[in-house]
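Please open the model in a viewer and set the display to cartoon, with side chains available on demand. The stops below are given in the order in which they may be selected.

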Amino acid sequence: MELGDLLRFSHCGRTVFTMADAAPAPAGLLRCPECGLAPSFSLVEAPVRVRSPVVDGHRTSCCFLVTSRHGLDGLSEETDCELHVGISNSQGVVLSYTESGVQREQHGWEQSLVIPLVSPGNCIPNWDTQLDHFAAMDTWTADRFEEQREFGSCCYGFALGFINQLMMSQGKQLITRERFTSDLVLPRVEAASKYLAVFRHVCRHGYWMA
Ligand SMILES: [Zn+2]
């Protein structure tokens, strides 16, 4: 399944989702599945493009990325046991900690949930150098992976460790894994889950209506 954007509009008191880029349905040809009429372009009814929350991690820079080795199905599960996390550098190369040590990947993160770590237009000088230095620490060698696993960290430990090192260098408060997960990761996984469920339904039936 090729994931894309959706269109959302309201009609007959219902919320309708359809495929954003499906031919031959530019917004003007949209029909309400309930009454068969086209939505008007009033403020209330006008279709809105809803962007897919799953993006190509290699097209991001300086982001926290969440992906699954099981593709979209893995991302749509509301559990973090199958999830793998990493940090992108300024060139879209993703660093993550695995049982083979720190990986630097230019492929494999094409379907990721993204949490930007730097506000748009800002940049942190030497991001790549800092990330490389952090990745080179003894903590993240392959033979210490099991040891890290016992602390329940592994890939999370690496990514959060780097974020906290940045926080510290900026004099900011450190963030715990629990808070990061509950405030930033889980809401995105849940949103992606819902999006994928709606998207699948739209693929099969042409629309989804609430
Ligand atoms: Zn209608």
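Begin by selecting R51, which counts as exposed at 60% relative accessibility. Its side chain meets that of D5 in a salt bridge, with 2.9 Å from N to O. R51 is located in the loop between β3 and β4 (63-68), whereas D5 belongs to the segment before β1, so this pair ties together parts that are 46 residues apart in sequence. The model in view is a predicted one.

Keep D5 selected and add R49. Is D5 buried or exposed? With a relative accessible area of 13%, D5 is buried, because the limit for that class is under 20%. A salt bridge also joins the side chains of D5 and R49, at 2.8 Å from N to O. Here too distant parts of the chain are linked: D5 precedes β1, R49 sits in strand β3, and the two are 44 residues apart. R49 itself counts as partly exposed, at 36% relative accessibility.

Next, add D21. The side chains of R49 and D21 meet in a salt bridge of 2.7 Å, N to O. Since R49 lies in strand β3 and D21 in the loop between β2 and β3, the pair ties together parts that are 28 residues apart in sequence. D21 counts as exposed, with 55% relative accessibility. With the four side chains displayed together, the result can be read as a whole: D5, D21, R49 and R51 are linked in a network of salt bridges. In general, side chains of opposite charge can pair when their charged atoms come close. How many salt bridges does a search of the whole structure find? The search finds eight.

From R49, extend the selection to strand β3 and the sheet around it. This is an open sheet of four strands in the order β3-β1-β2-β9, with antiparallel pairing. Which strands stand at the edges? They are β3 and β9 (208-209); each has a single partner strand, so one side of each is left without a neighbour in the sheet. Now turn to the helix that packs on this sheet: α5 (residues 177-205) touches β1, β2, β3 and β9, and its direction makes about 70° with that of β2. Within the sheet, β1 and β3 pair in the antiparallel sense over three bridges. To inspect one position of this pairing, select R8, whose bridge partner in β3 is V48.

The zinc ion is the next stop. Select it together with H11, C12, C32 and C35, which are its protein donors through ND1 of the histidine and SG of each cysteine, at 1.9 to 2.4 Å from the ion. What is the geometry of the site? The site is tetrahedral, with angles of 102 to 120° among the four donor atoms. Along the chain, the donors follow the spacing H-C-x19-C-x2-C. C12 lies in the loop between β1 (6-11) and β2 (14-19), and C32 in the loop between β2 and β3 (48-50), so this pair ties together parts that are 20 residues apart in sequence. A surface display shows how these two cysteines are placed: C12 is partly exposed, with a relative accessible area of 41%, whereas C32 counts as buried at 1% relative accessibility.

Finally, move to the other sheet listed here. Five strands form this open sheet, in the order β7-β6-β5-β4-β8, and the pairing is antiparallel. Its edge strands are β7 (101-105) and β8 (113-116), each of which pairs on one side only. From one strand to the next, the twist averages 30°. Select β5 (residues 83-88) and β6 (residues 94-98) to view an antiparallel pairing over two bridges. S88 is found opposite V94 in β6.

Two helices complete this view. Helix α2 (residues 127-135) lies across β5, β6 and β7 and runs at about 130° to β5. The other is α5, met earlier on the four-stranded sheet; in this sheet α5 lies across β4, β5 and β8, running at about 145° to β8. Colouring α5 separately will help to follow its contacts with β1, β2, β3 and β9 and its course across β4, β5 and β8.

Key:
Residues are numbered from 1 along each chain as its sequence is written. This is a predicted model: local features need pLDDT of at least 70, side-chain atom pairs count only at pLDDT 80 or more; totals for chains, interfaces and linings use all residues. Side-chain values use heavy atoms; hydrogens and water are left out. Donors are N, O and S atoms within 2.8 Å of the metal (3.2 Å for Na, K and Ca); water is not among the atoms, so sites may look incomplete. Four donors count as tetrahedral if all angles lie between 85 and 135 degrees; four count as square planar and six as octahedral if opposite donors are over 155 degrees apart and all others between 65 and 115; anything else is irregular. Buried means under 20% relative accessible area, exposed over 50%, partly exposed in between (1.4 Å probe, protein chains only). Two strands pair if DSSP finds at least two bridges between them. Contact means heavy atoms within 4.5 Å. Axes are lines fitted to C-alpha atoms, for helices over the stretch in contact, and angles run from 0 to 180 degrees between N-to-C directions.
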